[in-house]
Amino acid sequence: MKKLQKHVPPSVQTPEPFSVTTPEQLTQLAKITEELTRTMEKTRIAEYVEYLEHPGRLLLTNFLIGIARGLGSTIGLAIVIGVFAYFVQKLVMLNLPGISDFITRFIVMIQNNYNMIK
């Protein structure tokens with residue numbers, strides 16, 4: 001049987017090993033290495049790899065983040081509703097003809113629906 005040879009395009013082939021022959025090339029290589037190191041530190045790739053090596057830690061971290069988001073959303077919504085209720089209460093106390101009647105009808109409608117559910 002004939003062995004099948006894999007065809008690899010020239011752009012994908014492994015390049016020749018790079019050899020440093022002059023001090024200028026060494027300086028250029030040091031600059032490139034330094035830039036690559038800074039870029040990797042900025043992307044925090046080491047922390048990402050550490051997370052991938054410990055999936056339990058990744059799950060725990062994401063679980064805690066989810067709890068914090070849910071709790072923060074709940075507390076934020078409670079504060080917004082509380083402020084809204086406070087302003088609605090002040091509007092009712094002002095006894096403005098159009099707004100007070102609308103709010104009164106709305107509250108009565110909610111109470112009627114609540115009593116029908118019971």
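## Glu50 and its surroundings

Glu50 has a relative accessibility of 37%, so it falls in the partly exposed class. This is a predicted model, so read everything below with that in mind.

Glu50 also has a salt-bridge partner, Arg57. Arg57 is partly exposed as well, at 43% relative accessibility. The chain has three salt bridges in total, and here they are with the distance between the closest N and O atoms:

| Acidic residue | Basic residue | Closest N and O atoms |
|---|---|---|
| Glu34 | Arg38 | 3.8 Å |
| Glu47 | Arg44 | 3.1 Å |
| Glu50 | Arg57 | 2.6 Å |

Take the pair Glu34 and Arg38. These two sit four residues apart in helix H1, so about one helical turn separates them. Glu34 is partly exposed at 42% relative accessibility, and Arg38 is partly exposed at 44%.

Then there's Arg44, found in the loop between H1 and H2. Arg44 isn't a glycine, yet it has a positive phi of about 55°. The same residue bridges to Glu47, which is partly exposed with a relative accessible area of 40%.

### The nonpolar patch

Which residues form the nonpolar patch on the surface? They are Leu36, Met40, Ile45, Tyr48, Val49 and Leu52, and together they have about 570 Å² of accessible area. Two helices, H1 (23-43) and H2 (45-53), each put in at least two residues. H2 gives the largest share, with four residues. Leu36, one of the patch residues, belongs to H1. With a relative accessible area of 51%, Leu36 counts as exposed, because the cut-off for that class is over 50%.

### The wider chain

Stepping back, the chain has four helices and zero strands, which reads along the sequence as α-α-α-α. Of its 118 residues, 2% count as buried. The chain exposes about 11600 Å², and carbon and sulfur atoms account for 67% of that area.

How do H3 and H4 lie relative to each other? The axes of H3 (residues 55-94) and H4 (residues 97-117) come within 8 Å and cross at roughly 120°. That angle is above the 65 to 115 degree range for roughly perpendicular and isn't over 145, the cut-off for roughly antiparallel, so the two helices are oblique to each other. As for handedness, H3 passes H4 in a left-handed crossing.

Note on methods:
Residues are numbered from 1 along each chain as its sequence is written. This is a predicted model: local features need pLDDT of at least 70, side-chain atom pairs count only at pLDDT 80 or more; totals for chains, interfaces and linings use all residues. Side-chain values use heavy atoms; hydrogens and water are left out. Patches are made of residues with over 30% relative accessible area and no salt bridge: like charges are joined within 9 Å, nonpolar side chains (Val, Leu, Ile, Met, Phe, Trp, Tyr) within 5 Å. Accessible areas come from the Shrake-Rupley method with a 1.4 Å probe; for residues, only the protein chains shown count as cover. A salt bridge is a side-chain nitrogen of Lys or Arg within 4 Å of a carboxyl oxygen of Asp or Glu. Buried means under 20% relative accessible area, exposed over 50%, partly exposed in between (1.4 Å probe, protein chains only). Axes are lines fitted to C-alpha atoms, for helices over the stretch in contact, and angles run from 0 to 180 degrees between N-to-C directions. Angles under 35 degrees count as roughly parallel, over 145 as roughly antiparallel, 65 to 115 as roughly perpendicular and the rest as oblique. A crossing is left-handed if the near helix is turned anticlockwise from the far one by less than a right angle, and right-handed if clockwise.
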